[in-house]
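Let's take a walk through this model and stop at the spots that catch the eye. Have the viewer open and follow along.

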Amino acid sequence: MKFQSVVFVDLDATIIRGPFESAVFPVVFAEMANKSGLEPKEIRRLVLQENLDRQNNPSLPAPLTMDWDDIFSTVAARLGVKLEAKAVDIANSHAGPPYAAVLDHADAALRQLASPQRAIVAATKGLRKYQRPVLDALGLTPLFADVLTPDVNGVLKQDMAFYGRWPLVTRLQISVGDHYEDDVVAPTRFGFKTIWKVNTLDNELQELEPFVRPQEFHYTDDQTVRPDAIILSLHELPQVVAQMEAQALYGEHAASA
């Protein structure tokens, strides 16, 4: 077994800000608004609703769920207009700064995580044609052993098959991300350890250790699954991962003693 652990790291809103909000959406929404007579904010609502409906439709092929070009063209057709702008072209030509950015010194955290015994794998709901150019432009691609997307394994992150071979070749699987359902609930169901990255924490929770925060966090009524750790900043990530690995190793040794 080459790796002792694998860390699945979410991309959008966890380690990167992609070019959709700053470049793709403004161009596409403006064209659709101009041709349809609707306000851009109404176009945005229709597009995001189409995306949400697709995510909630288990019969739809996973790649189509997050295929923004297909989403845009579908909404445009309903409005009776033909869209010229292509999301993939806009995204790829705006893949670097200032339209895309590394968040929270993620590159430093990923480099600190690097270890011969640990695989770091990008796990994103976005399609490869949109995500890979951003990782390349931001210099993050070499920091990952693999990049998992819905069009690679044909399913979304809430399906175990999304993770491919990685759970089979490592002893410990760790999920890191900001999305509660994708990065906490589903991975917990698969037997992974989970690290939930949140944007804000009450002052009293900030003072607590990442492994203690899940016990004191104020969950909503529908958040019944607790992560193993909660982090506010990625600078906490390497130490949390190391502690999880040490605990897993200690547990194995204790069980065999």
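Is Lys-125 buried or exposed? With a relative accessible area of 14%, Lys-125 is buried, because the cut-off for that label is under 20%. Keep in mind as you read on that this is a predicted model.

## Around Lys-125

Start with the location: Lys-125 sits in the loop that runs between strand S4 (118–123) and H7. Its side chain has polar partners. One is the side chain of Gln-55, at 2.9 Å. Another is the side chain of Asp-182, and that polar contact is also listed at 2.9 Å.

Want the rest of the neighbourhood? Once you set aside neighbours within four places in sequence, Lys-125 touches Gln-55, Met-66, Pro-150, Leu-156, Lys-157, His-179 and Asp-182.

## Helix H1, with a bend in it

Helix H1 covers residues 20–36, and it has a kink of about 25 degrees. The kink is centred on Pro-26. Right after H1 comes Gly-37, with a positive phi of about 85 degrees.

Which residues of H1 are buried? They are Phe-20, Ala-23, Val-24, Phe-25, Val-28, Phe-29, Glu-31, Met-32 and Ala-33. Glu-31 is worth picking out in the viewer, as one of the buried residues in that list. The cover over these residues includes four helices: H2 (40–55), H4 (68–78), H5 (87–93) and H7 (128–137).

## Rings meeting rings

A pair of aromatic rings is described by how far apart the centres are and by the angle of the planes. Here the count comes to 18 aromatic pairs. Take Phe-20 and Phe-25, an edge-to-face pair with 5.7 Å from centre to centre and 75 degrees between the planes. Phe-20 counts as buried at 14% relative accessibility, and Phe-25 is buried too, with a relative accessible area of 5%.

Next, look at Tyr-163 and Phe-192. Their ring centres are 5.1 Å apart with the planes at 80 degrees, so this pair is edge-to-face. Tyr-163 belongs to the loop between helix H8 (150–153) and strand S6 (172–177), while Phe-192 belongs to the loop between helix H9 (180–189) and strand S7 (193–197), so the pair ties together parts that are 29 residues apart in sequence. Tyr-163 counts as buried at 1% relative accessibility, and Phe-192 is buried with a relative accessible area of 4%.

Back at H1, the rings join up further: Phe-20, Phe-25, Phe-29, Trp-68, Phe-72 and Tyr-130 make up one aromatic cluster. Elsewhere, a charged residue meets a ring. Arg-165 lies over the face of Trp-166, 4.2 Å from the ring centre.

## Helix H6 and its buried side

Helix H6 spans residues 106–113, and its buried residues are Ala-106, Ala-109, Leu-110 and Leu-113. Why do they end up on the same side of H6? Because they cover an arc of only 100 degrees around the axis.

Just ahead of that helix is His-105, in the loop between S3 and H6. The phi of His-105 is near 55 degrees, a positive value in a residue other than glycine. His-105 counts as exposed, at 63% relative accessibility.

## Backbone oddities

Another positive phi shows up at Ala-13, near 70 degrees, again in a residue other than glycine. Ala-13 is part of the loop between strand S1 (5–9) and strand S2 (16–17). With a relative accessible area of 39%, Ala-13 is partly exposed.

Then there is the peptide bond between Pro-97 and Pro-98: cis, with omega about 0 degrees. Pro-98 is placed in the loop between H5 and strand S3 (101–102).

## Last stop: Ser-233

Where is Ser-233 found? Look in the loop between strand S8 (229–231) and helix H12 (237–256). Ser-233 is buried, with a relative accessible area of 16%.

The side chain of Ser-233 is joined to that of His-235 by a polar contact of 2.9 Å. Thr-200 is 33 residues away along the chain, and a separation of 9.6 Å lies between its C-alpha atom and that of Ser-233.

Note on methods: Residues are numbered from 1 along each chain as its sequence is written. Side-chain values use heavy atoms; hydrogens and water are left out. The bend at a residue is the angle between axes fitted to the seven residues ending there and the seven starting there. Helices (H or I, at least four residues) and strands (E, at least two) are DSSP runs, numbered from the N terminus. Buried means under 20% relative accessible area, exposed over 50%, partly exposed in between (1.4 Å probe, protein chains only). Contact means heavy atoms within 4.5 Å. The arc is that of the directions from the helix axis to the C-beta atoms. Rings of Phe, Tyr and Trp (its six-membered ring) pair if their centres lie within 6.5 Å; planes under 30 degrees apart count as stacked, over 60 as edge-to-face and the rest as tilted. A charge sits over a ring if NZ of Lys or CZ of Arg is within 6 Å of the ring centre and within 35 degrees of the ring normal. A polar contact is a pair of N or O atoms within 3.5 Å; within protein, one must be able to donate a hydrogen and the other to accept it, and residues adjacent in sequence count only if both atoms are side-chain atoms.
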